[in-house]
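Reader: I would like to learn how to read a structure of this kind with some care, feature by feature. Could we put it in front of us before we begin?

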Amino acid sequence: LLIAIFIGIGLVYKEIDKRTIYAILSKPVHRFKFIIGKYFGLVITLLLNFFIMTVSFLAVLWFFDAEIDFYLLPAILLIFWEMLIVVAFSILFSSFTNPTLSAIFSIFIFISGQYVADFKIFGTGIDNKLFALLLKILYYILPNFEKFDIKGEVVHHLPISSSMVFLSLAYGIFYVAVVILLSILIFQRRNFK
């Protein structure tokens with residue numbers, strides 16, 4: 001999470017702050033390619049980090065003669081997918097604000113995404129219609145990270161539906177696409193003069 005947020009928020013901002021963006025965009029590089037390149041560069045870094053952490057985790061399990069359950073792999077994949085959304089948001093925020101606000105916004109997205117399913121439930125029990133509407137809007141706008149949480153099923157050796165995993169992956173891809181598209185639209189409109 002820290003890699004996804006703190007490297008992600010600096011990727012675009014540092015290029016703008018150090019004015020290296022002028023040299024990059026003076027080449028035949030479109031702004032949308034710049035954002036997509038930054039996103040996938042960080043995704044590859046995160047993928048390498050996840051691979052090392054997964055191998056280390058499995059090595060620790062093997063060392064202590066613990067049962068290595070293949071249910072761990074979908075859980076790890078969904079955690080990685082969750083981080084892809086956080087990376088997309090950190091790129092989005094870094095495309096229009098400073099690193100401090102980007103970090104705050106990205107952490108807010110991560111924390112609220114963990115509890116967004118509760119927003120809808122909480123909103124139905126409130127008498128204040130405006131606040132209930134706000135919670136309902138937040139429920140539909142913010143990412144629902146509960147869709148990626150199958151740790152309970154893995155720990156208790158419950159069956160994991162492959163269709164649920166694929167739907168979660170599709171949800172993540174759709175969400176990343178929307179956030180990256182929004183990042184591109186914001187970055188296209190930025191004036192670097």
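Author: Let us start with a single residue and its accessibility: Ile-111 has a relative accessibility of 46%, so Ile-111 counts as partly exposed. The model is a predicted one, and Ile-111 lies in helix H5.

Reader: Which residues make a nonpolar surface patch with Ile-111?

Author: As a general idea, nonpolar side chains tend to be buried together in soluble globular proteins. Here, however, a nonpolar patch of about 510 Å² is found on the surface, made by Leu-2, Phe-6, Ile-107, Ile-111 and Tyr-115. Two helices, H1 (2–17) and H5 (99–124), each supply at least two of the patch residues, and H5 has the largest share, with three residues.

Reader: Before going further into the details, how should I read the confidence, and which elements have the lowest and the highest mean pLDDT?

Author: The general idea is that predicted coordinates should not be read in detail where pLDDT is low. In this chain the mean pLDDT is 86, and 99% of the residues reach 70 or more. Among the elements, helix H2 (residues 20–26) has the lowest mean, 72, whereas helix H8 (residues 162–189) has the highest, 93.

Reader: What is the pattern of elements along the sequence, and how many helices and strands are there?

Author: The protein chain has eight helices and zero strands, and reading along the sequence gives α-α-α-α-α-α-α-α. The C-alpha atoms fill a box of roughly 60 × 55 × 30 Å along the principal axes. Of the contacts between residues at least 6 apart in sequence, 76% join residues that are at least 24 apart.

Reader: How much of the chain counts as buried, and what share of the accessible surface belongs to carbon and sulfur atoms?

Author: The chain has 193 residues, of which 40% count as buried. Its accessible surface comes to about 11700 Å², with 72% of that area belonging to carbon and sulfur atoms.

Reader: Turning to the interior, which residues have the most contacts inside the largest nonpolar core?

Author: That core has 53 residues, and those with the most contacts inside it are Ile-35, Tyr-39 and Phe-89. Each of H1, helix H3 (31–63), helix H4 (72–94), H5 and H8 supplies at least two residues of this core, and H4 gives the most, with 16 residues. Tyr-39 can serve as an example: leaving aside neighbours within four places in sequence, Tyr-39 is in contact with Leu-84, Val-87, Ala-88, Ile-91, Val-176 and Ile-180.

Reader: Let us move to charged side chains; how many salt bridges does the structure hold, and are the partners, Lys-151 and Asp-149, buried or exposed?

Author: The structure holds one salt bridge, formed by Lys-151 with Asp-149, whose closest N and O atoms are 3.1 Å apart. Both ends call for the intermediate class: Lys-151 has a relative accessible area of 43% and is therefore partly exposed, while Asp-149, at 37%, is partly exposed too.

Reader: In the backbone, where is Asp-65 found, and what is its phi?

Author: Asp-65 lies in the loop between H3 and H4, and its phi is near 55 degrees, a positive value in a residue other than glycine. Asp-65 is also exposed, because its relative accessible area is 71%. A second case is His-157, with phi near 55 degrees and again not a glycine; His-157 is in the loop between helix H7 (151–155) and H8, and with a relative accessible area of 45% it is partly exposed.

Reader: Is Asp-69 buried or exposed, and how far apart in space are Asp-69 and Ala-103?

Author: Asp-69, in the loop between H3 and H4, has a relative accessibility of 15%, and since buried means under 20%, Asp-69 counts as buried. From C-alpha to C-alpha, Asp-69 and Ala-103 are 35 Å apart in space, and 34 residues separate them in sequence.

Reader: And what does Thr-20 touch, not counting residues up to four places away in sequence?

Author: Thr-20, which is found in helix H2, touches Lys-14 and Glu-15 under that condition. At 34% relative accessibility, Thr-20 counts as partly exposed. The C-alpha atoms of Thr-20 and Tyr-71 are separated by 45 Å, with the two residues 51 apart along the chain.

Key. Residues are numbered from 1 along each chain as its sequence is written. This is a predicted model: local features need pLDDT of at least 70, side-chain atom pairs count only at pLDDT 80 or more; totals for chains, interfaces and linings use all residues. Side-chain values use heavy atoms; hydrogens and water are left out. Patches are made of residues with over 30% relative accessible area and no salt bridge: like charges are joined within 9 Å, nonpolar side chains (Val, Leu, Ile, Met, Phe, Trp, Tyr) within 5 Å. Accessible areas come from the Shrake-Rupley method with a 1.4 Å probe; for residues, only the protein chains shown count as cover. A salt bridge is a side-chain nitrogen of Lys or Arg within 4 Å of a carboxyl oxygen of Asp or Glu. Helices (H or I, at least four residues) and strands (E, at least two) are DSSP runs, numbered from the N terminus. Buried means under 20% relative accessible area, exposed over 50%, partly exposed in between (1.4 Å probe, protein chains only). pLDDT is the predictor's confidence in each residue, from 0 to 100. Contact means heavy atoms within 4.5 Å. A nonpolar core is a set of buried Ala, Val, Leu, Ile, Met, Phe, Trp, Tyr and Cys residues joined through side-chain atoms within 4.5 Å.
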